[in-house]
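Biologist: Before we discuss the assignments, I should like each label to be set against its criterion. Please show the model first.

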Amino acid sequence: MSSILVKGGHVVTQNAMREVVVADVLIENGRIVKVGSVKESADEVIDARGDIVMPGLVNAHTHVAMAVMKGIADDLPFGDFLEKVFAVDAKRQEKDIDAGARLGCLEMIRSGTTTFVDMYYSEDVIAKAVEDSGLRGVLCWAVLDQRFTTQKGVPLENCKRFHAAHKGRRRVIPGIGLQGVYVCSEETFLGAKEFAMENDLLLHFHLSETRKEVYDHKDKTGRRPAEWLSEIGFLGPQCLAAHAAWLTINEVRALARAKASIASCPVSNMKLATGGVAPLPEMLVEGVNVSLGTDGSTTNNSLDMFGEMKVLALLQKSNRWDPTVVRAQQALDFATCNGAKAISLGNVLGSIEAGKMADIVILDGASPNLRPKLPSNIVANIVYAGNPGDVKTTICDGLVLMRDRRFSTLDVERVLADAEEAGRELLGA
Ligand SMILES: [Zn+2]
């Protein structure tokens with residue numbers, strides 16, 4: 001039995017009361033067993049006095065293997081962007097995907113993310129990188145109509161094989177990714193849902209990212225994408241829709257009725273200038289579970305969830321001319337407990353409480369940007385003033401992945417060198 005004691009930090013618990021307390025956190029065998037005053041010692045003691053201890057962040061939508069594709073298609077109109085990304089993606093080999101996944105995992109450990117939801121093909125390659133890194137990945141194999149894919153074989157069958165080979169693991173949780181209504185037929189959506197229902201899997205999909213997607217679908221079916229997904233009987237509590245930017249109030253209500261979750265990706269939407277802003281105020285009123293994602297590195301270009309929380313709050317405020325929409329506490333909820341709920345792990349992840357899995361991040365209390373540090377401003381400091389450089393220590397499932405900014409699972413030099421090589425090959429530089 002291994003134990004870790006995180007001593008004396010300002011603990012942002014994210015419990016039901018949203019308490020911030022000065023406390024010790026005792027971890028045994030990957031679980032938090034006590035938050036409070038701990039008298040006993042542990043195998044490993046981390047002095048967090050003066051530091052901020054918070055739950056690991058949940059990135060609810062990304063394509064981690066694209067971490068080596070940064071900068072390949074910046075500042076382009078959307079059509080040119082897609083053409084460029086698809087062309088580079090089509091020539092990727094397993095070793096590039098592995099290099100990208102490892103680089104992305106390194107960046108997430110460095111920036112305080114402990115759980116992420118991924119959508120891509122070759123998730124078997126990504127799974128190996130995730131397990132080596134010690135992070136937790138909900139890996140959703142991309143499913144789409146066969147005529148649109150570059151995957152060998154039938155995408156849903158590939159997804160099923162991935163699931164069979166990876167179910168029951170601790171750090172890799174297989175899910176189903178559906179690329180979007182523009183490449184997935186009704187049959188594909190419902191086939192994926194049937195498999196998800198039989199095996200209790202997450203259904204993760206892109207939804208209404210661009211206006212063109214919405215109007216093309218309306219031309220084709222007479223329905224907007226979320227209306228259509230509701231009518232064909234696809235929506236349900238296992239659904240996590242990424243973007244959800246171009247929605248009507250009726251579509252928001254359909255998502256709420258289905259108890260579906262969304263992952264807002266504000267940086268990606270703004271960088272691609274797709275114009276849509278997810279209607280979060282309406283979603284919150286109607287009861288849609290809102291989480292937060294960075295999207296992949298071709299559209300962000302980082303996996304920084306601190307930046308994402310700030311941009312999300314600012315975009316919503318600016319868009320509504322109302323600084324009261326999306327408060328700091330809500331932004332932090334989206335990136336922690338709501339993200340956990342979106343992947344049906346809300347009862348075991350997303351907060352620092354006895355009984356939960358030990359996904360814990362320690363921020364440097366000496367960072368000038370996080371001072372002054374008062375019980376009343378710690379959450380606002382994390383959201384509006386925090387950045388990845390503040391992260392000192394990252395623990396996932398009771399395993400220390402980085403301590404005092406030194407990585408303990410991945411070979412940093414190796415990961416960086418492989419990423420450089422993959423980048424050079426893919427970018428042709
Ligand atoms: Zn995406």
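Modeller: In the hairpin of β2 and β3, two residues lie between the strands, and Asn29 takes a positive phi near 50 degrees. This is a predicted model.

Biologist: What makes β2 and β3 a pair of strands?

Modeller: Pairing requires at least two bridges. Strand β2 (residues 20–28) and strand β3 (residues 31–36) are joined by five bridges and run antiparallel, so the criterion of at least two is met. Ile27, for instance, has Ile32 in β3 as its bridge partner.

Biologist: How do you know that β6 and β7 pair, and in which sense?

Modeller: Four bridges link β6 with strand β7 (residues 113–120), in the parallel sense. The threshold is at least two bridges, so β6 and β7 count as paired. Within this pair, Leu57 has Thr113 of β7 as its bridge partner.

Biologist: Why are β6 and β13 said to stand at the edges of their sheet?

Modeller: The sheet is open, with eight strands in the order β6-β7-β8-β9-β10-β11-β12-β13 and parallel pairing. β6 (57–62) and β13 each have a single partner strand, so one side of each has no neighbour in the sheet. On average, neighbouring strands of this sheet are turned by 25 degrees against each other, direction ignored.

Biologist: How do you know that the span of helix α2 agrees with its length?

Modeller: Helix α2 (residues 94–110) has 17 residues, which at 1.5 Å a residue should span 24 Å; the end C-alpha atoms are 24 Å apart, so the two values agree. Of these 17 residues, 13 are buried, and α2 is therefore described as mostly covered. Gly112, just after α2, takes a positive phi of about 85 degrees.

Biologist: What makes His61, His63, His206 and Asp295 the protein donors of the zinc ion?

Modeller: The cut-off for a donor atom is 2.8 Å from the metal. NE2 of His61, His63 and His206 and OD of Asp295 lie 2.1 to 2.4 Å from the zinc ion, so these atoms qualify as donors. The donor residues are spaced H-x1-H-x142-H-x88-D in sequence. His206 in strand β10 (residues 203–207) and Asp295 in the loop between β13 (289–292) and α11 (305–320) are 89 residues apart, and this pair links distant parts of the chain. Both His206 and Asp295 are buried.

Biologist: Why is the site of the zinc ion called irregular?

Modeller: The angles among its four donor atoms run from 86 to 170 degrees. A tetrahedral assignment requires all angles to lie between 85 and 135 degrees; 170 degrees falls outside that range, so the tetrahedral label does not apply. The site is accordingly classed as irregular.

Methods. Residues are numbered from 1 along each chain as its sequence is written. This is a predicted model: local features need pLDDT of at least 70, side-chain atom pairs count only at pLDDT 80 or more; totals for chains, interfaces and linings use all residues. Side-chain values use heavy atoms; hydrogens and water are left out. Donors are N, O and S atoms within 2.8 Å of the metal (3.2 Å for Na, K and Ca); water is not among the atoms, so sites may look incomplete. Four donors count as tetrahedral if all angles lie between 85 and 135 degrees; four count as square planar and six as octahedral if opposite donors are over 155 degrees apart and all others between 65 and 115; anything else is irregular. Buried means under 20% relative accessible area, exposed over 50%, partly exposed in between (1.4 Å probe, protein chains only). Axes are lines fitted to C-alpha atoms, for helices over the stretch in contact, and angles run from 0 to 180 degrees between N-to-C directions. The expected span of a helix is 1.5 Å times one less than its number of residues.
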